[in-house]
Amino acid sequence: MLLQHRCVRLSSQRRGSLVTRNGTDPDAVVRGWQDLERVLETGKPAFAEANGQTFFAYVASDQKRSEAMARYMKGINGPEGPRIASGFPFGRFGRLIDIGGGPGHILADILRAHPEVEGAVFELPRTAVLAQQFLREQGLAHRCEVFAGDFLEGVTPGYDAYFIKSTLHDWDDERSVQVLRNCRNAMVAQGRILVTEIVLEPGKPINHPHRFIDMEMMVSFGGKERTAEEFGALLHRAGLRLERIHSIEGSFFSIVEGSKA
Ligand SMILES: C[S@@+](CC[C@H](N)C(=O)[O-])C[C@H]1O[C@@H](n2cnc3c(N)ncnc32)[C@H](O)[C@@H]1O
């Protein structure tokens, strides 16, 4: 019941618009990096201190920033979408929800590759509107829904798969467990969590992007990239069991699959 109050299902009349220009203040992230020394000393992220609010509060409070962030996610993660969509048997699931799915670009690829799946995006309100518009433009509106809410409070219940990509790395362990627990409590009895992230392992080439991404997560968010053991520990704390880690051919992402413990 509580969740129904917190998750707003968007009506089809609400519209957003994507802009073609990056609307963020580029100095906002740089201001945090200027405090790298303190980050290394304290382990605390610098974005909030440097800009007066956390990164996602900063983005979510402004339409242009939300549009810019959505475009950025499409730009850096979009090329991975088709590989992820074809590299995992999403057809196992009747209904899949993409938690923190941005404008719905990865969900769109999954739905295109698996016509039997119905989908949803759960996002912050301004981004949810952008997702609704994007999915409509992709001709997929009849196969998906969009929900606006805060995944730290709760997520839309009743889906078979809770896909969450490049999102837990934005958060420290406490908050990550909170999000995972909310997904666990929302999923059907035989449901699955599909955490899609870079999984750190020894032997990655020196030019692999995870090193820089790990630093950026530390400086801006207090998050990090994680090993298989660290993902297993998060799942365990959230009442989930790690079933398997699937590598995705041709992608630097893996899918950490978990079920209710
Ligand atoms: C790094 S982006 C990843 C986007 C997408 N999953 C991808 O891989 O391209 C993290 C996403 O989480 C969303 N997000 C952040 N805090 C949130 C919250 N409290 N509730 C719901 N979504 C949130 C952001 O709006 C953003 O789209």
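This is a short dialogue on reading the folds, strands and ligand shell of a predicted model.

Me: Where should I begin with this predicted model? How many helices and strands does the protein chain have?

Reply: Start with the inventory: the protein chain has 12 helices and 10 strands. Then look at burial, where 43% of the 261 residues count as buried. Contacts come next. Among those in the protein chain with a separation of 6 or more, 70% are between residues 24 or more positions apart.

Me: Let's take the strands. How do I read the pairing of S2 and S3, and in which sense do they pair?

Reply: In a regular strand, side chains alternate between the two faces of the sheet. Here, S2 and S3 pair in the parallel sense, with 5 bridges. You can find the register from Arg95, which stands opposite Glu118 in S3, and from Asp98, whose bridge partner in S3 is Val121. Between the two strands the chain passes through H8, and this β-α-β crossover is right-handed.

Me: Which other strands pair with S2 and S3?

Reply: S2 is joined to strand S5 (residues 161-165) by 3 bridges, and the two run parallel; Leu96 stands opposite Ala161 there. S3 is joined to S4 by 5 bridges, again parallel, and Gly119 stands opposite Cys144 in S4. S3, H9 and S4 also form a β-α-β unit, which is right-handed.

Me: How many residues of S2 and of S3 are buried?

Reply: Count residue by residue. In S2 (residues 95-99), 4 of the 5 residues are buried, and in S3, 5 of the 6 are. Both strands are thus mostly covered.

Me: What about H9? How does its reach compare with the expected one?

Reply: Compare the end-to-end span with 1.5 Å a residue. H9 (residues 125-137) has 13 residues and reaches 19 Å from first C-alpha to last, close to the expected 18 Å. Just after the helix, look at Gly139, whose phi is positive, near 75°.

Me: Why is H9 described as largely enclosed?

Reply: The reason is burial: 10 of its 13 residues are buried, so the rest of the structure largely encloses the helix. The buried set includes Arg126, Val129, Leu130, Phe134 and Leu135. Their packing partners are worth tracing in the viewer: the buried residues of H9 pack against helices H5 (55-60), H6 (63-77) and H8 (105-113), and against strands S3 (118-123) and S4 (144-148).

Me: Now the ligand. Which residues come nearest?

Reply: Of the 17 residues around the ligand, Met73, Asn77, Gly100, Gly102 and Ser166 come nearest. Sorting the shell by class gives 6 nonpolar, 7 polar and 4 charged residues.

Me: Ser166 caught my eye. What is the sign of its phi?

Reply: Most residues other than glycine have a negative phi. Ser166 is not a glycine, yet its phi is positive, about 50°. You will find Ser166 in the loop between S5 and helix H10 (173-186). Ser166 counts as partly exposed because 19 C-beta neighbours lie inside 10 Å, while a buried residue needs 20 or more.

Me: One last loop, then. Is Gln34 buried or exposed?

Reply: Gln34 is exposed, because 12 other C-beta atoms lie within 10 Å and the exposed class covers 12 or fewer. Its place is in the loop between helix H2 (26-33) and helix H3 (36-42). Look across to Val219 too: Gln34 and Val219 are 185 residues apart along the chain, with 9.5 Å between their C-alpha atoms.

Methods
Residues numbered from 1 in each chain as written. Predicted model: local features only at pLDDT ≥ 70, side-chain atom pairs only at ≥ 80, totals over all residues. Expected span 1.5 Å × (residues − 1). Contact = placed C-beta atoms within 7 Å. Near = placed C-beta within 6 Å. Nonpolar A, V, L, I, M, F, W, Y, C, P; charged D, E, K, R; others polar. Pairing = 2+ DSSP bridges. Right-handed = clockwise from strand over helix to strand, strands pointing away.
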